Amino acid sequence: MVYATGTNTYFGKTAQLVKGLIPSVTVQKASDEDGDYLIILAVALVVVILTVALLRGDKVLTTLEFCLVLLVAAIPVAMPTVLSVDDGRRRSAA
């Protein structure tokens, strides 16, 4: 039984609230820098892991699977959502 669609759903109402906010440039810049730092750190860790695994003679496929999981987990997909803050500023309806 469908009782709500579009903007009448929980997620639709949330999207409408977020849509009207002006993003804080400082917060956006900080989250972008943090995201870049996390990605660089993850790639550096993958290089170290691959080097150590090859020197130890570990299975390459298993090591690559682990590295893939590490890279996917390190990508901060939800960071902008987590850092979204309503500071009271709204766009004008003009």
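1. Contacts along the chain. In this predicted model, 71% of the contacts between residues at least 6 apart in sequence join residues at least 24 apart. One pair that shows such a separation in sequence is leucine 41 and leucine 71, which are 30 residues apart along the chain, with 9.7 Å between their C-alpha atoms. That figure is a distance between C-alpha atoms, and it should be read as such.

2. Secondary structure. The chain holds four helices and zero strands. Read in sequence order, the pattern is α-α-α-α. Two of these helices come up again below: H2, which covers residues 25–56, and H3, which covers residues 60–74.

3. Burial and surface. Of the 94 residues in the chain, 12% are buried. The chain exposes about 7800 Å², and carbon and sulfur atoms supply 68% of that area.

4. Threonine 63. Is this residue buried or exposed? Threonine 63 has 10% relative accessibility, and the cut-off for buried is under 20%, so threonine 63 counts as buried. Threonine 63 sits in helix H3. Leaving aside residues up to four places away in sequence, threonine 63 touches Ile49, Leu50, Ala53 and Asp58.

5. The salt bridge. How many salt bridges does the chain have under the rule applied here? The count comes to one salt bridge. The partners are arginine 56 and aspartate 58, whose side chains meet at 3.8 Å, N to O. The cut-off for a salt bridge is within 4 Å, so this pair qualifies. In general, side chains of opposite charge can pair when their charged atoms come close. Arginine 56 is exposed, because its relative accessible area is 64% and exposed means over 50%. Aspartate 58 is partly exposed, with a value of 31%. Aspartate 58 is also among the residues that threonine 63 touches.

6. The nonpolar patch. Ile39, Val43, Val47, Leu71 and Ile75 form a nonpolar patch on the surface, and together they have about 380 Å² of accessible area. Which helix gives the most to this patch? Helix H2 does, with three residues. Valine 47, one of the patch members, lies in helix H2. Valine 47 has a relative accessible area of 47%, so this residue is classed as partly exposed. Leu71, another member of the patch, is the leucine paired with leucine 41 in the distance given in point 1.

7. Leucine 41. This residue is also placed in helix H2. At 38% relative accessibility, leucine 41 counts as partly exposed. The list of nonpolar patch members consists of Ile39, Val43, Val47, Leu71 and Ile75.

8. The negative patch. Which residues form the negative surface patch? They are Asp32, Glu33, Asp34 and Asp36. Glutamate 33 is located in helix H2. Its relative accessibility is 45%, so glutamate 33 counts as partly exposed. Helix H2 thus holds glutamate 33 of the negative patch as well as valine 47 of the nonpolar patch.

Methods:
Residues are numbered from 1 along each chain as its sequence is written. This is a predicted model: local features need pLDDT of at least 70, side-chain atom pairs count only at pLDDT 80 or more; totals for chains, interfaces and linings use all residues. Side-chain values use heavy atoms; hydrogens and water are left out. Patches are made of residues with over 30% relative accessible area and no salt bridge: like charges are joined within 9 Å, nonpolar side chains (Val, Leu, Ile, Met, Phe, Trp, Tyr) within 5 Å. Accessible areas come from the Shrake-Rupley method with a 1.4 Å probe; for residues, only the protein chains shown count as cover. Lys and Arg count as positive and Asp and Glu as negative; His and the chain ends are not counted. The place of a charge is taken as NZ of Lys, CZ of Arg, CG of Asp or CD of Glu. Helices (H or I, at least four residues) and strands (E, at least two) are DSSP runs, numbered from the N terminus. Buried means under 20% relative accessible area, exposed over 50%, partly exposed in between (1.4 Å probe, protein chains only). Contact means heavy atoms within 4.5 Å.
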